[in-house]
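Student: Hi! I have a new model open and would like to go through its backbone and metal site with you. Can we start with the loops?

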Amino acid sequence: MARVLVVEDDQFVRSALIRHLTEAAHTVRSVGTALEALREVAQVGFDVVILDLGLPDLDGGEALKMLRGITDVPVIIATARDDETEIVRLLNDGADDYLTKPFSVEHLSARMTAVLRRSRATAPGAEPSSPAIRVGGLCVDPLRRRAQLDGCALDLTRREFDLLAFLAGRPGVVVARRELLAEVWQQSYGDDQTIDVHLSWLRRKLGETAARPRYLHTLRGVGVKLEPPQ
Ligand code: CA
């Protein structure tokens, strides 16, 4: 999925981030100071940097400026300070997005997905670096718009593919219907039935049912998640 650099000096927050990102199939490296971050970024290619603003060695704004001096990798700043003026200044100084601590895994995933989508869409002539997404026996290749289950190609409609790819991109994360409508259907409102119908078609093609789910799990009133069979 994505190569992520976590810059965070708080050991607790750092371990939690590493765990969640690794579970979501990202490759993660982490450092605890701004100077280490600069060294990492200079040596290793990342798709996104999550930058804590309260670092022991450099002020967050300084760290961001120095990062921007050497790379245009997307940067999501994580701040405990809910200070609008500062956030606006940092966004103007080159941050791509921000998260206010404490933030949920879902929130982080959503921000990362958005930032990665923007950066991959704008990379000059870039072959998007995202390889196929693998969840259990499921393999989804967003670039070629192909999906396989246990090595057999799935014959999916455009919408079914979009739905599957979106869910497979955040395995184990419960996605709200509202978010599916917005992201897959590009609608800000709509009928839950639309989603249910597509989910049931997708289920059938994956060889499962709502009563006996393998990959697709519906949480009544909450949303849907895709995860490898237990
Ligand atoms: Ca900190």
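Tutor: Happy to. This is a predicted model, and a good place to begin is Asp150, which sits in the loop between β8 and β9 (152-153).

Student: What is the phi of Asp150 near?

Tutor: Phi of Asp150 is near 50°, a positive value in a residue other than glycine.

Student: And is Asp150 buried or exposed?

Tutor: Asp150 is exposed, because its relative accessible area is 51% and the cut-off for exposed is over 50%.

Student: Which loop holds Arg145?

Tutor: Arg145 is in the loop between β7 (138-141) and β8 (146-149). Arg145 is not a glycine either, yet its phi is positive, at about 55°. With 42% relative accessibility, Arg145 counts as partly exposed.

Student: OK, peptide bonds now. Where is there a cis one?

Tutor: Look at Lys101 and Pro102: the bond joining them is cis, with omega about -5°. Pro102 belongs to the loop between β5 (97-100) and α5 (105-122).

Student: Switching to the metal. Which residues coordinate the calcium ion?

Tutor: Asp9 and Asp52 each coordinate through OD, and Gly54 does so through O, at 2.2 to 2.4 Å. Along the chain, the spacing of the donors reads D-x42-D-x1-G.

Student: How do Asp52 and Gly54 come out on accessibility?

Tutor: Asp52 counts as buried, at 4% relative accessibility. Gly54 is partly exposed, with a relative accessible area of 40%.

Student: Asp52 is in β3, right at residues 48-52. How many of the strand's residues are buried?

Tutor: Five of the five residues in β3 are buried, and the strand is mostly covered. Val48, Ile50 and Asp52 lie on one side and Val49 and Leu51 on the other, and both faces are covered.

Student: What does β3 pair with?

Tutor: One partner is β1 (residues 3-7), which pairs with β3 in the parallel sense over four bridges. In that pairing, Val6 stands opposite Ile50. Strand β4 (residues 75-79) also runs parallel to β3, joined to it by four bridges. There, Val49 has Val75 as its bridge partner.

Student: Which helix goes with β3 and β4 in a β-α-β unit, and what is its hand?

Tutor: That would be α3 (residues 60-70); together with β3 and β4 it makes a right-handed β-α-β unit.

Student: Great, so Asp52 is the residue to show when I link strand and metal.

Tutor: Yes, Asp52 is one of the buried residues of β3, and its OD coordinates the calcium ion.

Key:
Residues numbered from 1 in each chain as written. Predicted model: local features only at pLDDT ≥ 70, side-chain atom pairs only at ≥ 80, totals over all residues. Heavy atoms only, no water. Donors = N, O, S within 2.8 Å, 3.2 Å for Na, K, Ca; no water. Buried < 20%, exposed > 50% of the residue type's maximum accessible area, 1.4 Å probe, protein only. Helix = DSSP H or I, 4+ residues; strand = E, 2+ residues; numbered from the N terminus. Pairing = 2+ DSSP bridges. Right-handed = clockwise from strand over helix to strand, strands pointing away.
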